[in-house]
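Colleague: I am new to this structure and would like to go through it with you step by step. Could we begin once it is in front of us?

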Amino acid sequence: MLIDRDQRVLAANEAARRYFDIDPSRLPASLVEVTLEGNLVGALRAGTPHVEVQLVHRRRTVTSKLVPGPQPGETLMFLTDLTDLRRLERVRQEFVANLVHELKTPITSLRLTAESLLGEPPAKDRTRFADRLIREADLMSRIIDNLRQLAELESGVPTLEPTAFDLVELIEELRPRAGAAHPLHLDAPESVNVTTDRAKLAQAIGNLLDNAAKFSPPGSAIDIRVKVIDGTVRVGVRDHGPGISPEHWQRVFERFYKVDRARPREAGGFGLGLAITKHLVQSLGGKVWTEATEEGGQVFTIELPTQALTSP
């Protein structure tokens, strides 16, 4: 944008006009009137070549570059949108912090248990300590395996092995994932024939069942509803737990994200299952989301596109 000494915008290129919805016929006009962003005035007054600015109205982050304009007193303001870059930086920082948090507990437990074994405890205690070492090592192995799978899913085009099968039959095979403490209620047509990668879809649905079992009170049911709507198939997995506040609905699919940080890791997992589910479903050309139900609890829904269906 070309700005005069009175902080009026004289002209704006096509990118600036699209970004700020500028009507060229209304120029010249004040910078605030044109952009609705008072912080840009502060960046202009600062006079420094580069300033990072938070756009309040648009909720974006930009960096400004100021250079002298063609006439005395005029300034050219160049803006670069850094919103996605800053978001990725925060995601990376959170990922590292969360990974450290998840690994610190088993590593500490491994060390303390190993130190206990060095004290030559009685045979009964040695067996108990050895079992603890195996459990903690298995936990770390699962974290590493899940991270490797996530990296493979995110790194490029996934390898798919589509086959034709009955979705309802697959769900029946996954009943044990709900656990003995949670009866599984299935509301579905007699059969729904689909053509997609069976193993990946089974893992995605299985992860949702694991998640529902973790956050449901003992004895409460887990409901699965299968619907074919407008050429798509939807699989909804509903628990009868406390539910999730709407501000968390998008973030629960992030790696290591936990709604309740105080929940023991043995009870609540380590926050990778839903992230893997999201990438598995996306690799199949579908989508997954979550929402609360009017009757209480939370439902996670997988939707597969038309091409994943075959005629019954």
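Modeller: Please keep in mind throughout that this is a predicted model. A good place to begin is a loop residue, for L36 lies in the loop between α2 (31-35) and α3.

Colleague: What is the phi of L36?

Modeller: L36, in the loop that runs between α2 and α3, is not a glycine, although its phi is positive. The value for L36 is about 65°.

Colleague: Which residue in the loop between β1 and β2 has a positive phi, and is that residue buried or exposed, or partly exposed?

Modeller: The loop between β1 and β2 holds Q7, a residue other than glycine whose phi is near 60°. Its relative accessible area is 22%, and buried would require under 20% while exposed would require over 50%. The residue is therefore Q7, and Q7 is partly exposed.

Colleague: Where is the cis peptide bond that involves P28?

Modeller: P28 is found in the loop between α1 (14-20) and β3. The omega of the bond that leads into P28 is near 0°, and this cis bond runs from L27 to P28.

Colleague: In what order do the six strands of the open sheet stand?

Modeller: The pairing in this open sheet is antiparallel. Strands of a sheet pair through backbone hydrogen bonds. β3 (29-30) and β4 (50-55) stand at the edges with a single partner strand each, so one side of each is left without a neighbour in the sheet. Read across, the order is β3-β2-β1-β6-β5-β4.

Colleague: Which residue in β3 stands opposite V9?

Modeller: Strand β2 (residues 8-11) runs antiparallel to β3, and two bridges join them. Opposite V9, in β3, stands A29.

Colleague: At the β4 edge, which residue in β5 is the bridge partner of E52?

Modeller: β4 and β5 pair over six bridges in the antiparallel sense. Their hairpin has four residues between the strands, and R59 takes a positive phi near 55° there. The partner of E52 in β5 is T63.

Colleague: Which helices lie across β4, and at what angle does α4 run to β5?

Modeller: Helix α3 (residues 39-46) lies across β1 (2-3), β4, β5 (60-68) and β6 (75-81), and runs at about 170° to β4. Helix α4 (residues 83-118) lies across β4, β5 and β6. The helices across β4 thus include α3 and α4, and the angle of α4 to β5 is about 130°.

Colleague: How are α5 and α9 oriented to each other?

Modeller: The axes of helix α5 (residues 123-155) and helix α9 (residues 273-283) come within 10 Å and cross at roughly 30°, and the crossing is left-handed. Angles under 35 degrees count as roughly parallel. It follows that α5 and α9 are roughly parallel to each other.

Colleague: Which residues meet there, and how do they divide?

Modeller: From α5 come N146, Q149, L150, L153 and E154, which meet A275, I276, H279 and L280 in α9. The residues of this contact divide into five nonpolar, three polar and one charged.

Colleague: Finally, which residues is G243 in contact with, leaving aside its neighbours within four places in sequence?

Modeller: G243 lies in the loop between β11 (232-238) and α8 (265-268), and at 29% relative accessibility it counts as partly exposed. Its C-alpha atom is separated by 28 Å from that of R92, 151 residues apart along the chain. With those sequence neighbours left aside, G243 is in contact with G297 and Q298.

Note on methods:
Residues are numbered from 1 along each chain as its sequence is written. This is a predicted model: local features need pLDDT of at least 70, side-chain atom pairs count only at pLDDT 80 or more; totals for chains, interfaces and linings use all residues. Side-chain values use heavy atoms; hydrogens and water are left out. Two strands pair if DSSP finds at least two bridges between them. Contact means heavy atoms within 4.5 Å. Axes are lines fitted to C-alpha atoms, for helices over the stretch in contact, and angles run from 0 to 180 degrees between N-to-C directions. Buried means under 20% relative accessible area, exposed over 50%, partly exposed in between (1.4 Å probe, protein chains only). Angles under 35 degrees count as roughly parallel, over 145 as roughly antiparallel, 65 to 115 as roughly perpendicular and the rest as oblique. A crossing is left-handed if the near helix is turned anticlockwise from the far one by less than a right angle, and right-handed if clockwise. Ala, Val, Leu, Ile, Met, Phe, Trp, Tyr, Cys and Pro count as nonpolar, Asp, Glu, Lys and Arg as charged, and the others, Gly among them, as polar.
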